[in-house]
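Visitor: I would like a close look at a single part of this protein. Please take one helix and what packs around it, and then go on to other local features.

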Amino acid sequence: MSETTHEAVILGGGLAGLCLALQLRGEFPDMDILVLERNHHPLPAAAHKVGESTVEIGAHYFDHTLGLREHMDTAHIRKFGLRYFFSDGRDDVHNTTELGVSRILPIPSYQIDRGIFENFLGEEARRRGIDFRDGATVKGFTVGEHGATHTVRFIDADGEHTAGARWLLDASGRAALLRRRFELTLDNGHHANAVWFRMGAKLDIDSWTDDADWRGRVSPPERWRSTNHLMGAGYWAWLIPLGSGAHSVGIVTDAAMHPLEGMRDFELALAWLHARQPAMGRAIAAERDSLLDFRFLRDYSHSSKQLFSADRWALTGEAGTFLDPFYSPGSDFIAIANTYIVALIGHDRAGRNIAPYAHFYEKLFFSFYENTLALFRDQYPLFGNAEVLPAKVIWDYAYYWGVLCQLMFQQRLTDLNLLGDMRPELEHAQALNTRMQQLFRQWHAAGGGQSRREMLDQCALTWFAELNASLTDPLDDAGIRTRLRDNVRLLDGIADALTLQAGGADARLRAPLSGQPRPPLFNAAA
């Protein structure tokens, strides 16, 4: 049995763990890091893991924080945004309401083949001098208290080992080694289920019709590169292309509205799609012999009582929290948690008392988590509403780009002075988001929202495209404060416009504007 000592031992060498190791190496080149991953590398392409679609924070984290832009551009698919079709029960997707962009927005995001990506991350970790052990199974661990060293026992092809660690970092995914040890799991009130599978074939939504007008609405005419959401009341189904040539397919449902038992194997899921999304079901059935895998998750969303400890342990990724895949925030919150962990280790290395930093960073993380959770919790019933959900999506994007993205892109997640100074504006934005999510529920309850042949082009909203493009603007201390204040004022204006669209100028909802042209928030192209 070998015995070694390390500054950090990371339990889990998947997406969260390997990214954390690379971020630590970039910040502290002399740091001794051991990563333990139970799966053997190389993983197969199209590895069956949650989290293939990225949005702006996660993509920026991979591109810039970790320095992986060349790999992202060459091995994965540049995403054509998030796209939504209100096509429940419809075989003619091209004749339904479509929400999305007609052209690719400036800030990149990607469709990630997790097998290709994690193989690359493992190789890159070793290239950067990180001790990455694949095929290593953790057999037990002790968590030191009051400054004591942590210990981890594991076994790999070379036998049994004991590793001491100043920092114990849990990135073990749903195994959740520390969260389970300390009984930290919290029910966050969002109850949803998911099934997903991979097909070893391209599922090209652009080929589902020969309607030239519909195809020509987007440039280039490649909707298949989007994360395509096919919407219905209480559910959505996804299509995500992978760099290996495979396609990821999933169904996500409100647990009370669409029981998991009706889709918990491939045949049941396919029958469910034939009934709910027949065009999608037909496309999958035509490639059924290429089925690669199938998995389901019951009640996947969760929180944790604690993430960061003054005893020098921390949780990241699904080992700590998981929200919902609807807006693809998984890699965003990996980036946020990892950034706080790296900052905590920096304070520790500088000889500072980390207890207050652990408290403040955890409080900030959970504030971002709860604000984002509000976008999903109790909102699935309105997902099939072709009037309300497009308005909600615009609001949710604006809130995300206007506040959280600004802090990440400007490297201000740990700037406690800025966050203290901006607290009134940030709390106002949070309260505004809470009010808007309630408005969307009430608006949906008022009825309406039938799908019709139209494209709601987000690029037609000049401010929307400009908000996206502005994310990479270099800002100094004064500039980030001005930007956040301006964006909160923008959110106030959007909230007023959406309240008017819902029918109540003073935020008291009346019946929707039935039969009237859409307000100018959207420029719908029939």
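Guide: What follows starts from one helix and then moves to other places along the chain. The model is a predicted one.

The helix to look at is H11, which covers residues 388-409. Tyr397 is in this helix, and its ring pairs with the ring of Phe464, which lies in helix H14 (residues 462-469). The two ring centres are 5.5 Å apart and the planes stand at 70°. An angle over 60 degrees counts as edge-to-face, so the pair of Tyr397 and Phe464 is edge-to-face. Tyr397 and Phe464 are 67 residues apart, and their pair links distant parts of the chain.

Are these two residues buried or exposed? Buried means under 20% relative accessible area. Tyr397 has a relative accessibility of 9%, so Tyr397 counts as buried. Phe464 is at 0%, so Phe464 is buried as well.

The pair also belongs to a wider group. Tyr397 and Phe464 are members of one aromatic cluster, whose members also include Trp401, Trp463, Phe383 and Tyr380. Others in that cluster are Tyr84, Trp236, Trp238, Phe326, Tyr327 and Phe376. Over the whole structure, a search finds 28 aromatic pairs.

H11 also packs against another helix. Two packed helices are described by the angle between their axes and the distance between the axes. For H11 and helix H15 (residues 477-502), the axes come within 10 Å and cross at roughly 170°. This angle makes H11 roughly antiparallel to H15. On the H11 side, the residues in contact include Ala391, Trp395, Ala398 and Leu407. On the H15 side they include Ile480, Leu484, Leu491 and Leu498.

Before H11 comes a loop, between helix H10 (355-373) and H11, and Asp378 is in that loop. Phi of Asp378 is near 65°, a positive value in a residue other than glycine. Asp378 has a relative accessible area of 53%, and so is exposed. His146 can be described in the same terms. Phi of His146 is near 55°, again a positive value in a residue other than glycine. His146 lies in the loop between strand S8 (137-142) and strand S9 (150-156). With a relative accessible area of 75%, His146 is exposed.

Another helix packing involves H1 (residues 15-27) and H2 (residues 56-65). Their axes come within 11 Å and cross at roughly 40°. H1 and H2 are therefore oblique to each other, and H1 passes H2 in a left-handed crossing. In this contact, Leu15, Cys19, Leu20 and Gln23 of H1 meet Tyr61, Phe62 and Thr65 of H2.

Pro42 is in the loop between strand S2 (33-37) and H2. The peptide bond joining His41 and Pro42 is cis, with omega about 0°. Ser219 and Pro220 are also joined by a cis peptide bond, with omega about 0°. Pro220 is in the loop between helix H6 (212-215) and strand S13 (227-232).

Finally, there are charges placed over rings. Arg83 lies over the face of Phe80, 4.8 Å from the ring centre. Arg174 has its charged end over the ring of Phe322, at 5.7 Å from the centre of that ring.

How values were computed. Residues numbered from 1 in each chain as written. Predicted model: local features only at pLDDT ≥ 70, side-chain atom pairs only at ≥ 80, totals over all residues. Heavy atoms only, no water. Phe/Tyr/Trp six-rings, centres within 6.5 Å; stacked < 30°, edge-to-face > 60°. Helix = DSSP H or I, 4+ residues; strand = E, 2+ residues; numbered from the N terminus. Buried < 20%, exposed > 50% of the residue type's maximum accessible area, 1.4 Å probe, protein only. Lys NZ or Arg CZ within 6 Å of the ring centre and 35° of its normal. Axes fitted to C-alpha atoms, helices over the stretch in contact; angles between N-to-C directions. Parallel < 35°, antiparallel > 145°, perpendicular 65-115°, else oblique. Left-handed = near helix turned anticlockwise from the far one by under 90°. Contact = heavy atoms within 4.5 Å.
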